Amino acid sequence: MSEPFIVSENLVKIFKVADLEVIALQGLDITINKGEMVGIVGTSGSGKSTFLNIIGGLLTPSAGTITVGGRDLLKATPAELDRYRRDEVGFIWQQSARNMIPYLTTEENIALPMTMAGAERKAQQEWTKELLDATGLYDHRKHKLAQLSGGQQQRVAIAIALANRPTLLLGDEPTGELDSATADDVLALFQTLNERFGLTTVIVTHDQQVARAVNRVITVRDGRTSSETVRRSGQKTVASELAGTTSFDEYVVIDQVGRLQIPPEIQEKVQIGKRATLSLTEDGDILIKRVEADRLVEQAMPNLPEMGDGAGPNITKRTWKFWKR
Ligand SMILES: Nc1ncnc2c1ncn2[C@@H]1O[C@H](COP(=O)(O)OP(=O)(O)O)[C@@H](O)[C@H]1O
Ligand SMILES: [Mg+2]
């Protein structure tokens, strides 16, 4: 059946800026199947672009593993990565200007990557024509960037990304600068292309609306996978989306070592402290229960000051509670 195409395990990316270390990804586990269309959502700074750039071969992870189509991106040589980026990956950015060259026409922009890859002229013309048709841009083939609307510019970006017949299409906030109706059109185009060319498609966005177009939404929080929503089977059309009749099942994601994230809304509601008890129910499910004593201490000492001045050990509320027992 579905075969895993992108597999990231325990992926870590640390950026060093001067003396500071920013942990952008802290053990991200994501598997995306061949031909799947997936949305990755999360607030700004959660690590979405970092992950996409790693899949696209533009960034090297600090630790963990990432394979795409069986290719281990950490072991690839620079020359192999160049080839991978050129032949396997189509990238679409939020800003249209980053996707195309302003003084070329739509069709020249689409043909350019083929020329650079040394494709034969006749093949170039045929594929350009097919891409113009597939993206609904044939009538705009002689237009330049400034003569196109925002939605049309992103269609050109998508056609350019497909020029070298990639197996993987990556969009980083590709609808970020579009109004919601145009964004829906562009997402519908991603969906059409995903089905027509069997392209594995990953769209990163902070906009939950992406759920309209994809089969699965992965939510990333603080550089880790937190939850997944999966479209109920048999509900896959844009029409059912626009009519608002599609429903999703939401799951929490458990990583390889058994960690999961409890969403902040639920933590808030249940008022769970720093510890909980886990037990098995008769039905074989896992029950997570708050520890009453923790809540009482928390309530009695809401603002216990952090002790220590850097010279000695810092005594935090948490260690204090531990000693108290
Ligand atoms: N080149 C970089 N240098 C330093 N820090 C970075 C760099 N790129 C991203 N970061 C940091 O990594 C974290 C994740 O960033 P990013 O992947 O861009 O998040 P998102 O796309 O979800 O908004 C943020 O804290 C961001 O500031
Ligand atoms: Mg980003």
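**Core, helix 7 and the ligand shell**

The largest nonpolar core of this predicted model holds 55 residues, among which Ile55, Ala159 and Val202 touch the most other members. Val202 offers a good view of how distant parts of the sequence meet: leaving aside residues up to four places away in sequence, Val202 touches Ile32, Val38, Ile40, Leu52, Ile55 and Leu170. Ile55 thus appears both among the contacts of Val202 and among the core members that touch the most others. In soluble globular proteins, nonpolar side chains tend to be buried together.

Helix 7 covers residues 180–197, and its 18 residues should span 26 Å at 1.5 Å a residue; the end C-alpha atoms lie 25 Å apart, which agrees with that expectation. Its buried residues are Ala183, Val186, Leu187, Leu189, Phe190, Gln191, Leu193 and Asn194. Just after the helix comes Gly198, with a positive phi near 60°.

Turning to ligand 1, its surroundings consist of Phe15, Val17, Val22, Ala24, Gly42, Ser44, Gly45, Ser46, Gly47, Lys48, Ser49 and Thr50. By class, this shell comprises four nonpolar, seven polar and one charged residues. Strand 1 (4–17), strand 2 (20–33) and helix 1 (48–55) each contribute at least two residues to the shell, and helix 1 provides the largest share, three residues.

As for confidence, the protein has an average pLDDT of 84, and 85% of the residues score at least 70. Residues 306–325 fall below 50 in pLDDT, and this stretch makes 15 contacts in the model beyond near neighbours in sequence.

How values were computed: Residues are numbered from 1 along each chain as its sequence is written. Chains are lettered from A and ligands numbered from 1 in the order in which they are written. This is a predicted model: local features need pLDDT of at least 70, side-chain atom pairs count only at pLDDT 80 or more; totals for chains, interfaces and linings use all residues. A residue is near a molecule or strand if its C-beta atom, placed from the backbone, lies within 6 Å of it. Helices (H or I, at least four residues) and strands (E, at least two) are DSSP runs, numbered from the N terminus. Ala, Val, Leu, Ile, Met, Phe, Trp, Tyr, Cys and Pro count as nonpolar, Asp, Glu, Lys and Arg as charged, and the others, Gly among them, as polar. A nonpolar core is a set of buried Ala, Val, Leu, Ile, Met, Phe, Trp, Tyr and Cys residues joined through C-beta atoms within 7 Å. A residue is buried if 20 or more other C-beta atoms lie within 10 Å of its own, exposed if 12 or fewer, and partly exposed in between; C-beta atoms are placed from the backbone. Two residues are in contact if their C-beta atoms, placed from the backbone, lie within 7 Å. The expected span of a helix is 1.5 Å times one less than its number of residues. pLDDT is the predictor's confidence in each residue, from 0 to 100.
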